[in-house]
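Open the model in your viewer and get ready to select residues by number. We will go from the whole chain to its ligands, its helix pairs and a few backbone details.

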Amino acid sequence: MKVLVSDSLSNEGLEILKEHFTVDVSTGLSEDELVKMIKDYDALVIRSGTQVTQKIIEAADNLKVIGRAGVGVDNVDVDAATRKGIIVTNAPEGNMISAAEHTIAMMMAMSRNIPQANASLKAREWKRNKFTGVEVKGKTLGIVGLGRIGSEVAKRASGLEMNLMGYDPFISEKRAVELGVKLCTVNEIAKGADYITVHTPLIKETKNILDEEQFTLMKPGVKILNCARGGIINEEALAKALASGKVGGAALDVFVEEPPFKSPLLDFDNVIVTPHLGASTQEAQVNVAIDIAKEVVSVLTGGLARNAINIPSVKPEAMAVLAPYIRLSEIMGKIAGQLVDSNYEKVEIGYTGEISGKDTRPLTVSALKGLLEMALGSGVNYVNAPTLAKSRQIAVVESKSESSEEYSSTVSIRVISGDLTKIVAGTVVGDEPKIIAVDEDRVDIFPAGRMIFAKHVNKPNVIGPCCLVLGKNNINISGMQVGRAEIGGVTLMVLNVDSQVSNPILEEVRQVPGILSAKLVTL
Ligand SMILES: NC(=O)c1ccc[n+]([C@@H]2O[C@H](COP(=O)([O-])OP(=O)(O)OC[C@H]3O[C@@H](n4cnc5c(N)ncnc54)[C@H](O)[C@@H]3O)[C@@H](O)[C@H]2O)c1
Ligand SMILES: O=C(O)[C@H](O)COP(=O)(O)O
């Protein structure tokens with residue numbers, strides 16, 4: 001078998017690969033070059049330097065696994081890989097300490113103007129007053145994203161005697177207390193922090209999570225750090241806030257476009273930058289290279305991928321029976337995740353009827369994957385979903401009952417978050433997932449695409465105005481389900497829509513008299 005390594009990888013990893021396969025290392029390839037070469041390879045090993053596009057994946061007729069020596073897989077078209085049956089796997093643990101240390105190094109370098117002072121002295125200047133800095137002790141650090149790296153940053157910043165605020169929809173209060181972090185909203189962090197650092201994946205929920213609105217709220221002179229992914233902070237808004245003096249400094253390791261040669265951010269004296277070096281230490285590179293090489297060996301020799309991002313670890317025989325229920329469970333998890341959308345404390349997954357007699361573990365994993373990926377993004381997979389739930393102190397309880405009243409089998413997910421409980425129940429009809437209840441409302445939905453779930457009062461002149469809001473915004477309604485309730489009672493309406501519904505439009509729907517809540521669910 002043949003492995004192509006298209007970004008630099010430590011020898012320790014290359015040696016493991018070479019023990020089993022023919023290994024070619026070729027870095028700096030263009031998309032067209034990769035398209036031409038990829039059909040000969042069984043595995044592709046990358047870092048962030050290779051964009052694995054749909055075009056490359058479509059040409060990859062022999063490819064079985066894409067191994068990412070590092071965390072972020074935002075440079076891989078995972079959907080295209082999944083469609084082609086290619087496992088995408090990563091090495092999420094090996095570089096977390098290096099990324100956290102780089103963040104702290106950048107924070108200290110920015111606070112003491114080290115890069116600027118270094119450049120000045122090397123230009124034979126002796127300007128001590130020009131580079132007076134600030135202490136971090138007693139300052140407040142806001143951390144957006146408290147996963148592996150965010151938590152390590154929190155621990156180190158605690159040691160520097162900083163006060164910590166944090167935002168992460170998946171962190172329990174208990175975990176936050178352990179880390180010494182006060183949980184807040186993003187806007188509260190914007191208002192209260194002296195330094196703000198982001199450590200989330202780049203997913204649609206985190207893109208531009210610090211934007212003009214947040215910069216407006218920030219303290220004058222606030223310092224901003226991004227050692228996670230370009231695009232989590234809106235670069236244009238950041239440049240504007242630097243130009244106005246609202247932001248007193250920024251330390252950036254990652255950019256929307258890399259290399260960021262055209263970025264105006266490089267022109268500010270108070271912006272310090274590194275060329276995506278967060279994971280570039282000897283230790284991290286050895287760790288991720290070994291981890292990913294072992295992963296590739298395992299997959300190509302018929303074993304499991306420990307950190308598979310897109311493939312369930314289910315035996316093929318079991319998969320035949322369970323497949324439609326696995327899909328159902330994942331969809332239900334996604335729906336429940338978007339209807340609740342923060343800090344899950346407990347997830348109860350119930351099975352009734354025939355399915356209760358099967359090995360339901362893959363279904364539970366799929367439900368958790370669907371639920372957790374709403375907040376964690378592409379980092380959640382069928383393998384790590386239970387571990388992620390555990391590490392976030394989310395209690396997961398399974399229950400089974402052989403009897404099922406109306407359907408041969410049903411699956412239900414009850415998500416508890418503080419005072420809020422959300423229940424989604426479903427079944428499989430002719431291999432297609434169907435949602436049969438949301439809380440106490442009976443529904444009959446074949447879930448797909450984008451759906452608006454709106455609780456409303458059952459009275460005239462509620463549904464029509466909602467449809468008008470969508471119509472006037474050129475959003476086509478392709479399906480509608482309205483629950484039954486006595487006149488004046490509260491029920492659920494589910495609208496299938498054909499295009500994206502922006503927040504302002506959803507807000508307009510919420511303003512229709514009689515609408516009690518409206519949430520967009522995207523599958
Ligand atoms: N600069 C580098 O070289 C470098 C090195 C390693 C990792 N990274 C990047 O750092 C980031 C974090 O990596 P990690 O290993 O800590 O990932 P992780 O999955 O362990 O943690 C991410 C955290 O983000 C949280 N999150 C998800 N959606 C959120 C939202 N809407 N708001 C706030 N928090 C949200 C999740 O709950 C999770 O706790 C990734 O983008 C990764 O690619 C960069
Ligand atoms: O997501 C990651 O692991 C980091 O961004 C590191 O990327 P790199 O492997 O290209 O240095």
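Domain bounds here come from an automatic or database domain assignment. Keep in mind, too, that this is a predicted model.

**Stop 1: the domains**

Colour the protein chain by domain. Domain 1 takes in 2–93 + 283–300. Domain 2 covers 96–273. Domain 3 spans 311–447, and domain 4 runs over 449–523. Now pick out domain 2 and domain 4. Their C-alpha centres lie 39 Å apart.

**Stop 2: ligand 1**

Select ligand 1 and show its surroundings. There are 35 residues around ligand 1. Which of them come nearest? They are Gly 72, Gly 145, Gly 147, Ile 149 and Gly 278.

Next, sort the shell around ligand 1 by class. It holds 18 nonpolar, 12 polar and five charged residues.

Now highlight three helices: H5 (96–111), H7 (148–159) and H14 (361–376). Each supplies at least two residues of this shell. Which helix gives the most to the shell around ligand 1? H7 does, with three residues.

**Stop 3: H5 against H7**

Stay with H5 and H7, and hide H14. The axes of H5 and H7 are 8 Å apart, and the packing angle is about 50°. Are H5 and H7 parallel or oblique to each other? Angles under 35 degrees count as roughly parallel, and 65 to 115 as roughly perpendicular. The angle between H5 and H7 falls in neither range, so the two helices are oblique to each other. H5 passes H7 in a right-handed crossing.

Show the side chains where they meet. From H5, select Met 96, Ile 97, Ala 99, Ala 100, Thr 103 and Ile 104. From H7, select their partners: Arg 148, Ile 149, Glu 152, Val 153 and Arg 156. By class, this contact has seven nonpolar, one polar and three charged residues. Ile 149 is part of this contact, and Ile 149 was also listed among the residues nearest to ligand 1.

**Stop 4: a turn after H7**

Move on to Glu 161, in the loop between H7 and strand S7 (163–167). Check its backbone. Glu 161 has a positive phi of about 65°, although it is not a glycine.

**Stop 5: ligand 2**

Select ligand 2. Around it are Arg 47, Ser 48, Gly 49, Ala 69, Gly 70, Val 71, Gly 72, Asn 95, His 276, Gly 278, Ala 279 and Ser 280. Gly 72 and Gly 278 are in this list, and both were named at ligand 1. The shell around ligand 2 divides into three nonpolar, eight polar and one charged.

**Stop 6: H1 against H12**

Select H1 (residues 11–20) and H12 (residues 282–300). Their axes are 7 Å apart, at an angle of about 20°. H1 and H12 are therefore roughly parallel. The crossing is right-handed. On the H1 side, look for Glu 12, Gly 13, Ile 16, Leu 17 and His 20. Their partners in H12 include Val 286, Ala 289 and Ile 290. The contact has nine nonpolar, two polar and two charged residues.

**Last stop: a cis peptide bond**

Finish at Glu 258 and Pro 259. A cis peptide bond joins them, with omega about -5°. Pro 259 lies in the loop between strand S11 (247–252) and strand S12 (271–273).

Notes:
Residues numbered from 1 in each chain as written. Chains lettered and ligands numbered in written order. Predicted model: local features only at pLDDT ≥ 70, side-chain atom pairs only at ≥ 80, totals over all residues. Near = placed C-beta within 6 Å. Helix = DSSP H or I, 4+ residues; strand = E, 2+ residues; numbered from the N terminus. Nonpolar A, V, L, I, M, F, W, Y, C, P; charged D, E, K, R; others polar. Axes fitted to C-alpha atoms, helices over the stretch in contact; angles between N-to-C directions. Parallel < 35°, antiparallel > 145°, perpendicular 65-115°, else oblique. Left-handed = near helix turned anticlockwise from the far one by under 90°. Contact = placed C-beta atoms within 7 Å.
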